[in-house]
Amino acid sequence: MPLIKNLQNISIVAVEYFCGNTPADVVFLIDSSNSIWGPDFLRQVNFINDVVDMFQIGENRTRIGLATYSSDVHTEFHLNENFDRPSLHQSLSRVRQRRGFVTNTKLAIWTMRRKMFSERRGARPGVVKVAVVLTDGQSNSVVRTVWEAMKARREGIHMFAIGIGSFINRRELRGIASKPTHDYMFQVSNFQALESIKNILAIKTCVGMYTIRSLNS
């Protein structure tokens, strides 16, 4: 198949091709701070369940890791823990909200960059690295969060940023997301609206993985 340069125009058949033939290491960071109502936290987890269903999960295919963050960061599972879809869904079903009074996004990105994308935890050399950050508000340090995201991008991690609700900081989201921003940054009005972007996020992630790999080959 030819290199896809416009991520907006892509068929589902092509998405299945890209998701099935391009291995990647994908880490999700989800906000669990006190500002998030319990059912809305579960909507984030259900959203991730739906997105990863479009990936071909396997030891030599796509690997998934996930951490929750508020005041602290808790790694729910690493990239080397679930090599099939049933075990991945089982791990996602065990994710619980760990509340905190601040949104420590900078620490979450640092943990993702330094620990979750380490070879010891399942990251693979030469495989595309993708991070998806979900948040419903501004972090406790915008400058440090953007700085951590910049370091992650410099290390080759492709950063998606998803802002939920009316209290997000768009400037911070843009600072987290890779470029071009229109491909890597999303904003939805509430947690129910995550449903409306799950397909396009999966499409952009999968096609982006194929495109990045093609450009680097």
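**Exercise 1. Which side chain of opposite charge is nearest to Lys106, and how far away is it?**

Work on the predicted model.

- Step 1. Place the residue. Lys106 lies in helix α4, residues 105-116.
- Step 2. Check its burial. Lys106 is buried.
- Step 3. Look for a partner. The nearest side chain of opposite charge is that of Glu148, 8.8 Å away.
- Step 4. Apply the cut-off. A salt bridge needs a side-chain nitrogen of Lys or Arg within 4 Å of a carboxyl oxygen of Asp or Glu. Lys106 has no salt bridge.
- Step 5. List the contacts. Leaving out residues up to four places away in sequence, Lys106 touches Asn140, Ser141, Arg144, Thr145 and Glu148.

**Exercise 2. Describe the surroundings of strand β4.**

- Step 1. Count the buried residues. In β4, residues 128-135, eight of eight are buried.
- Step 2. Sort them by face. Val128, Val130, Val132 and Leu134 cover one side. Lys129, Ala131, Val133 and Thr135 lie on the other. In a regular strand, side chains alternate between the two faces of the sheet.
- Step 3. Find the strand partners. β1, residues 24-31, runs parallel to β4 and is joined to it by seven bridges. Here Leu29 stands opposite Val133. β5, residues 157-164, also pairs with β4 in the parallel sense, over seven bridges. Thr135 stands opposite Gly163 in that pairing.
- Step 4. Trace the connection. β4, helix α5 (residues 142-154) and β5 form a β-α-β unit, and the unit is right-handed.

**Exercise 3. Which residues of the largest nonpolar core touch the most other members?**

- Step 1. Identify the core. The largest one holds 59 residues.
- Step 2. Name the residues. They are Phe28, Met112, Met159 and Ile162.
- Step 3. Follow one of them. Beyond four places in sequence, the contacts of Phe28 include Ile48, Val51, Ile64 and Leu66. Val132 and Leu134 are also among them, and both belong to β4.
- Step 4. Set this in context. In soluble globular proteins, nonpolar side chains tend to be buried together.

**Exercise 4. Why does Ser91 count as buried?**

- Step 1. Place the residue. Ser91 lies in helix α3, residues 85-93.
- Step 2. Recall the cut-off. Buried means under 20% relative accessible area.
- Step 3. Compare. Ser91 counts as buried because its relative accessibility is 8%.
- Step 4. List the contacts. Outside a window of four places in sequence, Ser91 touches Phe77 and Asn82.

**Exercise 5. Is the peptide bond from Lys179 to Pro180 cis or trans?**

- Step 1. Read omega. The value is near 0 degrees.
- Step 2. Assign the bond. The bond is cis. Most peptide bonds are trans.
- Step 3. Locate the site. Pro180 lies in the loop between α6 (170-176) and α7 (181-184).

Note on methods: Residues are numbered from 1 along each chain as its sequence is written. This is a predicted model: local features need pLDDT of at least 70, side-chain atom pairs count only at pLDDT 80 or more; totals for chains, interfaces and linings use all residues. Side-chain values use heavy atoms; hydrogens and water are left out. Helices (H or I, at least four residues) and strands (E, at least two) are DSSP runs, numbered from the N terminus. Buried means under 20% relative accessible area, exposed over 50%, partly exposed in between (1.4 Å probe, protein chains only). Lys and Arg count as positive and Asp and Glu as negative; His and the chain ends are not counted. Contact means heavy atoms within 4.5 Å. Two strands pair if DSSP finds at least two bridges between them. A crossover is right-handed if, with the strands pointing away from the viewer, the path from the first strand over the helix to the second runs clockwise. A nonpolar core is a set of buried Ala, Val, Leu, Ile, Met, Phe, Trp, Tyr and Cys residues joined through side-chain atoms within 4.5 Å.
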